[in-house]
Amino acid sequence: MFEGVPIISIIILLPLIGAIMSFSLGRHDKYAKWVALGFSTAALVLSLLVVVAFMVEPNTGSEGYHEGNGFFDFQFYEEYSWIESLGIRYIVGLDGLSIALFVLTTLLSTISILFSWDTKLRPKEYFGLMLVLEVGVLGVFTTLDYFVFYVFWEIVLIPMYFLIGVWGGPNKDYAAIKFFIYTHIASLALLIAIMAMYFEAGANSFGMEDIWRAGQSEFARTFQIAVFAAAFFGFGVKLPMVPFHTWLPDAHVEAPTAGSVLLAGLLLKMGGYGIIRVAMPTLPEGAEALQLVMAAIAIASILYGALVCLAQRDLKKMVAFSSISHMGFVLLGYATFTQVGVAAGVFQMFAHGLVTAVLFMMCGVVQHHCGTRIIQDLGGLSKKMPAASTMMTIGFLASLGLPGLVSFAAEFMVLASMFDTWALWLFLPIISVAITAAYYLWALQRSMFGPLTTKIDTSHVHDMNWYESVPVGLLLALIALFGVFPLVVFQYIDPAVRIVLDLFGGG
Amino acid sequence: MIDWIAYAWLIPVFPFLAFVLIGLLPKRTLGWEDGGGYAVAGAAGALVLSMLVIWDVLNGQTLTHDAPRSTWLIIGDFRIEFGIWVDQLTAVMLVVISVVGTLVVIYSGGYMHEEGVGRRRYYAEIMLFISVMYGLVIADNYLQMFIFWELVGLCSYLLIGFWYEKPSAASAAKRAFIVTRVGDIMLMAGLIILFKYVGTLDFAVLFGQGAGSIVSRGEIPQDMLTLATALIFGGAIGKSAQFPLHEWLPDAMEGPTTVSALIHAATMVKAGVYLTARTYPLLVQTPESLLFVAIIGGVTALIAATCALAANDIKRVLAYSTVSQLGYMILALGAGGYLVIHAHEAGGYAAAMFHLMNHGFFKALLFLCAGSVIHSVGTNDMRSMGGLRGKMPITSITMLIGSVAIAGIPPLSGFWSKDEVLAAVYEGGEFDPVFFALWAMGVATAFLTAFYMFRMWFMTFAGAPRSEVHAHESPKIMTVPLMILAGLALVSGFALFVGEGFMGFIERSIEDLPVTPLHESLTDIAVRIFTDPLTYVSLVLAVAGILLAYRVYYLPGFDRSVFAVGVRGKLQRALENRWYISQFYDDFAVKVWYGFALVADWFDIYVIDGIVNGFAYLGANMGATIRKAQSGNVQRYASLIILGIVVLLVFILYVLPWGGW
């Protein structure tokens, strides 16, 4: 469909152009949201076409198909030389690991922009930064050159820093700086890992495939362990993993709703994506040596995150902590080193992206309409906002892994692979299934059900606006769709994951 | 002739369509009762098709190993497919769900009339509830079943919390979901174990058609199969409200009474019994699990019966009676497994399903009668009822029929199935003496059941009115379903003697097991029942229970205050507090788990984040200190660089290798 068209680059460029236009609107800043919506929608439509093309011409010979010969096979492959002397190239491509996250990015970006429709404070900067963020995340999910990957990785931090720091809540300065420094330190570990791989490979190339190929023979076990540890730390902080997670609740509590949606929906996925695209295939012996560490951290994140949720008073902080618990499933799936576990982990990223976006939007709705998110001050809102209450209920149910909704397949398969690898240790992470139900339903009971609260003035509380209910409704429809037909996504993840596992220990 | 059984998959589609229509249609097109019409149509469509499918099953057709299937997921080497499974066991479930479901929906037309706009949500949720329950019983593998299993739990949550503005309803709904989810975790773990060893969750493979059991094929070690079956039964403990997870069900009466009727008679709690029966081909390979099943069932039957003795809420009495009767079914399944292993008989298994069907009818009847009473007098508290017999003739007579049926008085349905259950348990005693103890518990339960049911009936309908309410009989739309159900409670026990007989029919669903068909003629069954002295033991005790209730709660001159003093007083308070089990759970949830959560939260803020902030603080201050090091003194820089190199070299050359790197 896209023969000879650099379609991925075009999709990455679209929001960038939009951002530049938005920044330069001058006094006409009321058009910023239209510019942002237009460019992000264009990117979304094109990315959907890419998905269609990806599905109908799966591989073999079509132009833009790049065979990895043991490494991943890509479609829509583009390669341009950039800084030849250092072996830096601009390479992009998509495969089963990235395609779902790629579309998730364009989708959530568009939806977040729509959701921010009534942003009054500095709209042209706000919408411009949202688009820059989209560029960064799209770059991370498509780039196949470590140098460019790292550049995109760092680009993402900057708009998010400003989104929290300028449009955030009361404690925004602390949260923004903490977010920036914390994740930046993690990025440094990643940079060290990349540099170490670059020099050790000695291929004068930052290309992921080149370094992987050289690494097959060049990377000694000790080297792999040390570098995997660094890369895992770099990616894991983003995930986030316990105990390196405390930047996340602070960032979420202060971030504007759309910022939270992108932070939890996309930025966390960068960590999970990095581990499976970079760290595990390139440094398999390192991963094997640290398998138990990964599993222990994953289980700790799952249980600890769920327990802390139970104690939260702020609805949004609870949702933030639930991300830690649910992203733990991603890591747990990876740590099993089984086909089922890794594929389910990748699917869980996609599922969590859809579900957590709904949850943060519903927190935003509650905040926006009631002026507070403190659970004890809410109560009985169902009467005042039935649509919001229904959508929040479905969102919570999706997040607690109700079958028929998207997360179930992922969680069930991760747990099944967990038993496959560690037998009865299964009973540790599986407890979280009950704790998760407890904190969500308890929060629902206290905020939405029961008699109408008297602690806040509810006389002006009304149901959701169109720009709130349309995005949430759309996401809920997708959550149900992929819950009933998970195979639609799974069938592309599965072969890509097979390649990862073939890399392990020589196949 | 159309092969109706091939269209079994359409059964859940009818109510599901009704659910979608009621949910999405514009309000003014909803018609009668704000969606009630669509609901009745959806339920009736499923009823008709169910009956046609059941007809096919009665004629010897089943749909088990050769149904068309569709792929849900392909992951690694696993291919997960969904399909349809209809055998005799499914047919029994279809009877109960379709009949009770349809009558409940019709009855709702009167009962929920005053609900106004809320009816739309009510009918939509009821339709979803019935639809997913059908989905559960026609699933042909455990994963598909588990999906519907969870959705059944969801619908109970929504309907128990239907009046969500009532704090008690919101709390009961949450409790029901979380407690059953504890069971679901066990079920999930059990399924995961099976999945790992056998590589599939399809009944057709797991139940080993012709190829021997999965243990004998060497696919799963014996101890793992025992663990798996015990865990799968754990799911039933949660769903079917068995001890120690039974307390959610009595609380679950916060929903409309029609919902209670559905949950207790046809949908939610019957799912656990169905799961246990469906797992029979695996359970009979694991005697330890069977013993566990039987003991849980026996203990539940007795404990729940005692809890019903002191309850004053009419629905609570019925709720405990459900728990107790479910205990009977589970007990019969446990004992029946022993019979299959040792005597190659399916008597216990058949008795359990027979009791499930009979109980479905008379319990729906009892709940709908209670609903009729509550609808009329506006309270659940039997202490402010009394003397309603004259004002509500139909309700009082139909409820009497239900009470006689559950008490086990011939020729009503409860007698036949309860007798079969107790006979199977007693027979199990031949192979493990613990079944004699369980039989004794079952007989004691029969006595208590008769007593508390008639206590309830006398308190409600007999004597003089204890409050000023102006009671009246319910409208026809409510009383007609009552009369139909009363008719069923009168005759459903005779299923034992119709055609090939219920026992022979249901037996065929486990004919792959080493079971010798009974080949009892229908007269043989009657002779066996009426010549067995054990029949008269439980019958005499049941009559004694009724007479005792008659003495205490009907005849004048009995001073009930004797229950309130001394040891009896303590006992009564313990019963009123349901043996403090509920309280224990509240404490457990609040003090232990919430306590853990608070500690974890504190730890997160002050220790983990404290360390992070500590580093930040250190970093900020160190900047000030280190600035002094920037003295511009080259010699000093050089020495620091050398020091750094030395430290690094020592680290690389000595520390790293020493650490095994």
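1. A:M294 sits in helix 12 of chain A, which spans residues 291-310. In this predicted model, A:M294 counts as buried because its relative accessibility is 0%, and the cut-off for that class is under 20%. Leaving aside neighbours within four places in sequence, the residues in contact with A:M294 are A:F228, A:F232, A:M280, A:A287, A:L331, A:Y334 and A:A335. A further methionine can be placed relative to this site: the C-alpha atom of A:M241 is separated from that of A:M294 by 9.5 Å, with the two positions 53 residues apart along the chain.

2. A second buried position, in chain B, is B:T535, which belongs to helix 22 (residues 533-553). B:T535 has a relative accessible area of 2% and is therefore classed as buried. When residues up to four places away in sequence are not counted, B:T535 touches B:F415, B:D419 and B:I529.

3. Over all chains, a search of the whole structure finds 21 salt bridges. One of the pairs in chain A joins A:D250 to A:K178, with the closest N and O atoms 2.7 Å apart. This pair links distant parts of the chain, since A:D250 lies in helix 9 (residues 247-254) and A:K178 in helix 6 (residues 172-201), 72 residues apart. A:K178 has 8% relative accessibility and so counts as buried. A:K178 also reaches across to the other chain, forming a salt bridge with B:D609 in which the closest N and O atoms are 2.5 Å apart.

4. Another salt bridge within chain A pairs A:D314 with A:R373, the closest N and O atoms being 3.0 Å apart. Here the partners are in loops, A:D314 between helix 12 and helix 13 (315-335) and A:R373 between helix 14 (339-370) and helix 15 (381-384), so the pair ties together parts that are 59 residues apart in sequence. A:D314 counts as buried at 12% relative accessibility, and A:R373 is likewise buried, with a relative accessible area of 11%.

5. In chain B, B:R528 forms a salt bridge with B:E420, and the closest N and O atoms of the two are 3.3 Å apart. The pair connects distant parts of the chain, with B:R528 in helix 21 (residues 522-531) and B:E420 in helix 17 (residues 413-428), 108 residues apart. The two partners fall into separate accessibility classes: B:R528 is partly exposed at 30% relative accessibility, whereas B:E420 is buried with a relative accessible area of 5%. Elsewhere in this chain, a network of salt bridges links B:R69, B:R79, B:E81, B:D140 and B:D202.

6. The contact between the chains takes 52 residues from chain B and 61 residues from chain A. The area buried between them is about 5,000 Å², and carbon and sulfur atoms give 77% of that area. The count across this interface is 2 salt bridges, together with 13 residue pairs in polar contact where both residues are at pLDDT 80 or more. On the side of chain B that touches chain A, the elements supplying at least two residues each are strand 1 (70-75), strand 2 (78-82), helix 5 (142-160), helix 6 (167-198), helix 8 (222-239) and helix 24 (581-629). Helix 6 of chain B gives the most to this side, with 16 residues. By class, the residues of this side divide into 39 nonpolar, 4 polar and 9 charged.

7. The domain assignment of chain B gives domain 1 (1-140), domain 2 (141-576) and domain 3 (582-658). The C-alpha centres of domain 1 and domain 2 lie 23 Å apart, and the contact takes 52 residues from domain 1 and 62 residues from domain 2. About 5,100 Å² is buried between these two domains, of which carbon and sulfur atoms give 77%.

8. Between domain 1 and domain 2 of chain B the count is 2 salt bridges. B:D87 forms a salt bridge with B:R278, with the closest N and O atoms 2.8 Å apart. The polar contacts between these domains number 15 residue pairs, both residues being at pLDDT 80 or more. On the side of domain 1 that touches domain 2, two or more residues come from each of helix 2 (36-58), strand 2, helix 3 (88-111) and helix 4 (118-137). Helix 3 provides the largest share of that side, 20 residues. The residues of the side divide into 33 nonpolar, 11 polar and 8 charged.

How values were computed. Residues numbered from 1 in each chain as written. Chains lettered and ligands numbered in written order. Predicted model: local features only at pLDDT ≥ 70, side-chain atom pairs only at ≥ 80, totals over all residues. Heavy atoms only, no water. Contact = heavy atoms within 4.5 Å. Buried area = accessible area lost by both parts, 1.4 Å probe. Salt bridge = Lys/Arg side-chain N within 4 Å of Asp/Glu carboxyl O. Polar contact = N/O pair within 3.5 Å; in protein donor to acceptor, adjacent residues only side chain to side chain. Helix = DSSP H or I, 4+ residues; strand = E, 2+ residues; numbered from the N terminus. Nonpolar A, V, L, I, M, F, W, Y, C, P; charged D, E, K, R; others polar. Domains from an automatic or database assignment. Buried < 20%, exposed > 50% of the residue type's maximum accessible area, 1.4 Å probe, protein only.
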